[in-house]
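Reader: I have a model open and would like to learn how to read helix packing and residue surroundings from it. Where do we start?

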Amino acid sequence: MDSHRFSVTSEKARAAGANGELHEAIDLYRTALGLWRGAALAGLHGTTITSAAMSLDEQRLTALEELTTIRIRAGQPASVVGELYELVGANPLRESLREHLMHALHLVSRQADALAVYEEGRRILAEELGVDPSPRLRLLHAAILNGEPAGEISPSPDAGTAPAAPAALPAGAPARRFYLPHDIRDFSGRAAELTRLLAAAKDTVPTALVISAIDGMGGIGKTTLAVHLAHRVADDYPDGQYFVDLHGFSPGTDPVPAEQALDTLLRDSGVPPELVPPSLDGRRALWRSQLAGQRALLVLDNATDAEHVRALLPGAAGVLVLVTSRRKLTTLDGAVPMSLDVLPHAEAVTLFTQVAGRSAGDAPEATDAVVELCGRLPLAIRIAGARLRSRPMWQVADLVRRLRDQSQRARLLETDDRGVLAVLRVSYRYLQPDRQRAFRLLGAHPGTDFDAHLVAAVTGFSVDHAEDVLESLFDDNLVKQRTGDRFYFHDLVKDCARQIFEESETPREQRIFWERLLDYYLHCAAKWCEFLDNDTAHITPQIQYPPQRELAVGSAEEAVGALNTEYLNIIAAARMAAKDGFHGHAWQFPCVLQPLLRLHNNYGGASYSLFKEGLRAARLLNDGRAEAACLVGLTAICRERKSNAEAREYVEQGLEVFRALGDHRGEAAQLVELGRLCLDDDLLKESRDAFVEADRLLTNVPTNFVHASVANNLGVIYRDLGQFDLALQHLNRALTIVADDNHPRRRVLTSWCVAAVLYYQGRNEQAISEFTEVLRASTAVRFDHGRAAAMTGLAGVRRTLGSLGEAVELGRQALSLARQFDFWKVECEALNVLGEANVALHELDQAQQVFDHAREQAVRFASNRYEARALEGLAHVALGRGERALAEHHWEQAVRLYPDGMHDAEFARRHLVSGGAGAVRCFRCDTASLPV
């Protein structure tokens with residue numbers, strides 16, 4: 001009753017205010033607000049109660065804001081200041097309240113207090129959400145700073161109607177888009193579930209956040225129901241309809257991390273790639289701010305568990321979230337759970353007749369039998385109906401007969417229903433002996449898919465025979481076909497095959513199978529990685545069962561393709577070797593895979609654990625060379641992904657082992673790693689000394705890639721020190737060494753360093769030519785790191801030459817690629833280049849956000865040089881705004897952070913010694929199209 005009276009009275013107050021009857025409106029608002037006696041529905045609990053209480057509290061706060069607006073219009077700003085301070089304190093992220101308070105303070109000549117209120121809000125938004133105040137709040141702040149008359153500044157006309165979302169997009173950002181998959185034409189069934197879900201979505205007030213969590217076994221129809229529901233309510237959510245497949249249970253695909261899903265959602269909502277924060281917390285905050293105040297719909301499909309989606313949930317009301325998962329999401333706070341079971345019989349019949357295009361009245365008993373033989377599982381019913389529809393000469397009775405025939409049922413019904421296992425066991429009995437053997441052995445395969453080469457290796461069949469076996473199993477619907485020559489098991493089919501393997505094979509037979517499988521993948525990895533650049537060691541695999549043949553490759557590009565195809569299988573085999581005590585395989589796998597682990601995701605994922613287990617296995621075998629090879633790999637991984645301190649420990653251990661072995665080449669390789677560590681720690685001179693010592697050790701060693709690595713790194717050091725001619729001398733020496741090398745990536749990286757030196761020297765056209773060639777060569781061999789670095793270099797040169805649009809496009813492409821493969825150094829470089837292009841375009845607000853992201857990433861990886869580079873950018877932003885003192889502060893910070901002796905510090909010093917001369921240009925801000 002009070003809620004109804006409050007709503008009616010509030011509407012009358014709004015009408016009076018709109019008609020200019022200000023004092024009448026004030027009285028009505030006070031009457032409405034006087035009905036409140038504390039928090040809404042206090043003491044009551046439950047999802048529906050909580051949603052209703054949130055709605056009522058929001059209505060009360062809206063009425064308070066509207067009353068404040070009327071009182072200010074009625075000439076009572078002084079009387080509302082105290083109340084507004086209290087409201088802002090209770091709701092610090094509600095920018096409309098802060099705007100009213102600033103306006104009221106300005107009206108009573110308390111400009112300093114108004115500016116303090118703004119600064120407090122800016123700080124809170126930055127700390128809590130990682131965003132800046134909204135454009136409207138910034139405009140009010142600027143108006144107060146500029147001394148505009150108070151009477152000419154007014155708050156937003158619709159202030160108080162909804163929480164304001166912090167702005168994060170530049171002007172001209174694309175509009176909201178709609179990403180729902182298409183709804184199926186013949187959706188049927190799930191009437192009760194759909195009614196419940198529609199009620200939860202439509203009966204909840206617009207100010208509530210609604211989460212519906214749909215769980216059930218595979219094939220039960222979770223995604224179909226969620227998508228159908230989304231289309232049914234889509235018109236109620238006009239601000240955006242988003243869909244993300246999280247691949248929680250997708251065969252052969254890792255679950256999508258929250259960072260990657262948020263990147264997709266943010267970019268779908270219109271955020272340019274350079275404005276997507278690098279951290280999970282930053283992305284989560286920006287996503288929540290994007291949806292604040294929006295009527296949007298979000299479908300999160302195929303989640304692993306509640307934790308998988310928690311970071312993706314909006315923080316504001318007005319959004320409908322639909323989550324599907326094979327697991328119950330009982331720990332997802334506030335979610336309305338919906339567990340799907342098999343269809344009721346009547347709905348199952350309806351679904352079958354719609355898919356099959358037959359009337360149930362034509363053969364009611366046979367139709368009833370079909371849906372029961374299908375277990376009333378939607379996926380099985382759809383498969384059976386589709387088979388009947390594609391065979392117009394069949395009657396429903398023909399389908400029933402085949403479903404009842406156990407030798408055909410597995411072929412007719414491929415599904416992950418648990419009851420299918422019994423059918424699969426019967427099907428297994430009808431296979432020929434060689435098909436049976438392949439089926440049960442493949443059930444123990446630890447990876448995601450397989451081909452005839454693998455089957456031949458583990459069974460001893462010829463490859464041709466293995467191909468025939470796979471085709472036969474495919475015809476019997478016991479394996480699925482991923483591509484023309486690759487096959488995989490459905491999850492439950494694999495469970496069945498694994499059970500038969502464990503029951504049928506003796507322990508000795510199982511051991512021989514594992515050794516054959518491990519030997520096959522180790523052999524393939526070593527063969528294919530010969531085409532890549534291996535910094536660890538060149539290892540000839542020690543195996544007992546060499547395969548008849550593996551997929552032949554003739555180039556680095558083909559090798560990368562083969563390795564990517566088998567990546568998940570090889571990693572699974574390596575993990576199994578470490579877990580089950582195959583020590584020889586356990587240390588060899590990571591060492592031969594080192595170039596792929598670097599190439600695939602820059603030593604992310606399983607790289608560290610594989611090398612740690614490999615080191616443990618090498619020490620158990622008391623194999624010094626194996627131990628040394630693993631230590632080299634661990635050093636490289638820790639330098640890129642973990643900590644330089646841990647990397648130094650492995651360097652010292654590796655140097656000790658190599659010296660004990662009398663291996664100068666290995667010792668030099670570890671000194672190269674030490675030099676790289678010093679370089680990462682910004683110890684340029686110590687780094688140079690390590691490389692020089694490595695060069696000395698290699699004097700009597702035949703020329704190899706370690707010589708090239710030393711020369712290349714000396715070139716990098718001298719470039720950083722500003723000794724460009726000496727840098728080119730060493731880089732050209734490195735290029736000479738690798739001129740006839742079979743690993744083009746080495747030439748690509750060295751050529752990139754040459755291009756960078758040319759750019760520093762101001763030889764821009766030559767730099768463009770070199771960077772372009774690096775991009776071409778990297779693309780040809782699928783070298784993503786080289787592609788990203790080349791595009792970043794080209795973006796910088798194009799900015800210098802005034803081609804700003806091209807610079808931004810190249811920078812964005814480089815940034816996307818760097819984030820995709822976790823190249824954090826390239827990401828920092830790309831962000832800084834994009835920020836410099838934004839400065840040249842006079843887009844200072846966007847430039848500041850980009851440089852802030854670059855600085856955040858640099859601090860995350862403790863990189864002083866990249867933090868200094870970002871501070872240079874922030875200095876140019878401040879200078880562009882006329883804030884000379886702030887600019888000088890940033891440049892001074894940059895100079896202090898740059899490594900001792902690094903040439904880049906001179907760019908900041910040039911501005912600092914200019915004495916404020918606006919015409920001074922440095923390497924970072926000198927752009928051909930800009931007036932000097």
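Author: We take a pair of helices, then two single residues. Keep in mind that this is a predicted model.

Reader: How are two packed helices described?

Author: Two packed helices are described by the angle between their axes and the distance between the axes. Here, the axes of helix H19 (residues 433-443) and helix H21 (residues 463-475) cross at roughly 80° and come within 10 Å. Angles from 65 to 115 degrees count as roughly perpendicular, so H19 is roughly perpendicular to H21.

Reader: Which residues make the contact of H19 with H21?

Author: H19 contributes Asp-434, Arg-435, Ala-438, Phe-439 and Leu-442. From H21 come His-465, Asp-468, Val-469, Leu-470, Ser-472 and Leu-473. By class, the contact has six nonpolar, three charged and two polar residues.

Reader: Is Ala-578 buried or exposed?

Author: The cut-off for buried is under 20% relative accessible area. Ala-578 has 12%, so it is buried. Ala-578 belongs to helix H24 (residues 556-579). Beyond residues up to four places away in sequence, Ala-578 touches Ala-586, Glu-613 and Arg-616. Glu-613 is 35 residues from Ala-578 in sequence, yet their C-alpha atoms are 6.0 Å apart.

Reader: What does Asp-245 contact outside its neighbours within four places in sequence?

Author: Asp-245, in strand S2 (residues 240-245), is in contact with Val-256, Asp-301 and Asn-302. The C-alpha atoms of Asp-245 and Leu-300 are separated by 6.3 Å, with their positions 55 residues apart along the chain. Closer in sequence, the Asp-245 side chain reaches the backbone nitrogen of His-247 at 3.0 Å. With 29% relative accessibility, Asp-245 counts as partly exposed.

Key. Residues numbered from 1 in each chain as written. Predicted model: local features only at pLDDT ≥ 70, side-chain atom pairs only at ≥ 80, totals over all residues. Heavy atoms only, no water. Axes fitted to C-alpha atoms, helices over the stretch in contact; angles between N-to-C directions. Helix = DSSP H or I, 4+ residues; strand = E, 2+ residues; numbered from the N terminus. Parallel < 35°, antiparallel > 145°, perpendicular 65-115°, else oblique. Contact = heavy atoms within 4.5 Å. Nonpolar A, V, L, I, M, F, W, Y, C, P; charged D, E, K, R; others polar. Buried < 20%, exposed > 50% of the residue type's maximum accessible area, 1.4 Å probe, protein only. Polar contact = N/O pair within 3.5 Å; in protein donor to acceptor, adjacent residues only side chain to side chain.
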